[in-house]
Amino acid sequence: MMRSYKYEIFTSVIEEQIRNRILLKGERLPSVREIKSRYQLSTSSVQSGFEYLMMKGLIESSPRSGYFVSTIDENHISQVRTDLMPVVRDAVFAKNVMLTSARNKPSESSSFHTAAPGDLLIPQKLILRTMQEVIREKGAALLRYYPSNGLYELRKQISIQMAGHGCVFNPDELIITDGALQALTIALRAVTDPGDIVAVESPCVFSVLEAVANLGLKIIEIPVHYENGFDTDYFREVCNSNTIKAVVVTPNFHNPTGIVMSDDAKKELLSVASLYQTPVIENDIYGDLYFGNKRPRSIKSFDDSGLVMTYSSFSKTLAPGIRLGWLHTGRFYARSERARFVLGRSVSPIYQELMLKLLQGIGYERHLRSFRKQLNRQAIELLNALRDYFPKDSYFHSPEGGYSIWGKLPEGTDMKKFFDYCDKNRILFTPGNTFSLTDEYSHHFRIVFADRITAESLALLENAGKKAKELLEERKQEDGSGKY
Ligand SMILES: Cc1ncc(COP(=O)(O)O)c(C=O)c1O
């Protein structure tokens with residue numbers, strides 16, 4: 001069940017009235033006091049609501065006069081969001097990205113911040129045995145260049161695999177890549193030029209933000225809601241007032257929230273994208289890690305026009321050290337292939353042959369079946385622990401697949417102190433601020449459950465929860481409101 005912000009009770013009404021032109025540009029909004037008494041809210045909730053509306057560019061404040069409907073035109077409203085771009089270069093953002101990867105020594109087992117299977121959940125025997133077979137069978141042929149778009153048999157095998165999920169892939173439109181991040185970079189290069197605007201999810205996984213920043217692109221963040229996922233209405237408005245060159249979306253088990261878009265929402269997104277001829281770059285890296293009965297469909301499976309580019313890799317399902325991903329380019333093959341070529345001629349032959357052999361056998365499917373079950377069990381165990389250990393007004397969203405839990409601590413929590421404490425005690429969460437160029441998620445954090453949960457990891461969580469409670473208690477004492 002979705003937990004919403006208290007202020008939504010009035011911000012949704014104001015948003016609706018602005019959109020339907022019931023409230024007009026420059027018109028004064030009710031005062032904080034009026035809203036407080038009308039909706040029975042605290043001053044801070046009302047203020048948070050007004051800040052939220054300001055952040056969306058819908059209203060403006062005037063010192064000592066109150067709040068007014070924004071007078072800037074809608075095009076400008078959208079542009080305001082792209083002005084968030086300089087924040088990409090903020091040192092905190094860069095530092096936090098490092099926190100998620102560079103700090104991991106190869107020998108260190110993964111923990112709550114690394115979104116990749118921990119050592120014990122990687123099917124090591126299966127992979128290493130298959131690798132030895134490949135070396136024996138292929139020998140010195142593995143030392144040559146392979147085709148820059150990848151081994152044909154592997155492209156065919158991936159197409160067969162995806163056909164089982166309702167996706168019609170043409171192996172000639174498929175490119176083998178060095179992981180999913182490279183696939184994303186190629187897709188973006190194929191359809192954008194520096195300075196273009198792309199739409200991304202909010203919250204958005206930092207690797208996507210980094211790729212976008214690295215290519216000199218601007219972004220507009222599209223909210224992902226707990227109930228319906230990617231906000232297609234918002235996206236439509238953004239497309240209406242901006243030239244959006246691509247939309248990057250993770251419809252299945254969005255990272256970090258774990259949300260899946262419904263088939264209707266996927267079709268709706270595709271229809272908006274088709275209307276504006278905006279290429280859809282679909283990240284399906286978590287699609288195979290479903291907890292339910294069947295794999296959710298990809299947006300690509302509804303597309304027969306070639307506007308959707310879909311990518312994935314085996315980093316999340318097998319092992320991140322197997323540098324092998326793929327990109328189905330749809331109608332953007334030619335530019336994609338050129339972009340692929342300069343990123344390293346060809347993907348390592350041994351990984352290509354390894355994945356081909358694994359996909360042809362039954363070992364990979366068997367591994368996926370048990371991995372999914374294990375992840376589902378871990379999600380439940382971790383959610384129960386989080387809900388037990390953390391302050392009662394915290395929120396932890398139950399994912400439908402993948403392996404991350406998106407959590408939020410009560411607004412009174414001093415998050416700097418919380419993260420400093422966690423850092424000192426080696427409790428490695430990923431702070432919410434790394435998932436956006438706004439401050440929208442400062443009280444959120446991502447907890448990954450891709451490693452085995454042990455008594456030790458639960459003790460770490462309990463310790464973090466205790467600290468969060470303590471910080472809240474301190475805050476309560478400080479302002480004497482007893483509010484938190
Ligand atoms: C959305 C997304 N894309 C790409 C990656 C990286 O994947 P790969 O190791 O295949 O490059 C990750 C994980 O870190 C991810 O979550």
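pLDDT is the predictor's confidence in each residue, from 0 to 100. The structure is a predicted model, in which local features need pLDDT of at least 70, side-chain atom pairs count only at pLDDT 80 or more, and totals for chains, interfaces and linings use all residues. Residues are numbered from 1 along each chain as its sequence is written.

**Exercise 1.** Determine which stretches of the model have pLDDT under 50.

*Solution.* Begin with the chain average, a pLDDT of 88, with 90% of the residues scoring at least 70. Next, locate residues 73-104, where pLDDT stays under 50 and the model has 43 contacts beyond four places in sequence; a contact requires C-beta atoms, placed from the backbone, within 7 Å. Residues 106-110 also stay under 50, with 8 such contacts. Where pLDDT is low, the predicted coordinates should not be read in detail.

**Exercise 2.** State the strand order of the open sheet and identify its edge strands.

*Solution.* Strands (E, at least two residues) and helices (H or I, at least four) are DSSP runs numbered from the N terminus, and two strands pair if DSSP finds at least two bridges between them. The open sheet has 8 strands in the order 3-10-9-8-7-4-5-6, with mixed pairing. Strand 3 (174-177) and strand 6 (229-230) each have a single partner strand, so one side of each lacks a neighbour in the sheet. Within the sheet, strand 8 (residues 280-283) pairs with strand 9 (residues 308-313) in the parallel sense over 4 bridges, and Ile281 stands opposite Met309.

**Exercise 3.** Describe the shell around the ligand by element and by residue class.

*Solution.* Count a residue as near if its C-beta atom, placed from the backbone, lies within 6 Å. The ligand is surrounded by 15 residues, the closest being Gly179, Ala180, Leu181, Ser313 and Ser315. Helix 8 (179-191) and helix 9 (206-214) are the elements that give two or more residues, and helix 8 gives the most, with 3. The classes are 7 nonpolar, 8 polar and no charged residues, where Ala, Val, Leu, Ile, Met, Phe, Trp, Tyr, Cys and Pro count as nonpolar, Asp, Glu, Lys and Arg as charged, and the others, Gly among them, as polar.

**Exercise 4.** Establish whether Leu307 counts as buried, partly exposed or exposed.

*Solution.* Leu307 lies in the loop between strand 8 and strand 9. The cut-offs are 20 or more other C-beta atoms within 10 Å for buried, 12 or fewer for exposed, and partly exposed in between. Leu307 has 19 C-beta neighbours inside 10 Å and therefore counts as partly exposed. Beyond four places in sequence, Leu307 touches residues including Ala273, Pro279 and Arg331.

Note on methods:
Two residues are in contact if their C-beta atoms, placed from the backbone, lie within 7 Å.
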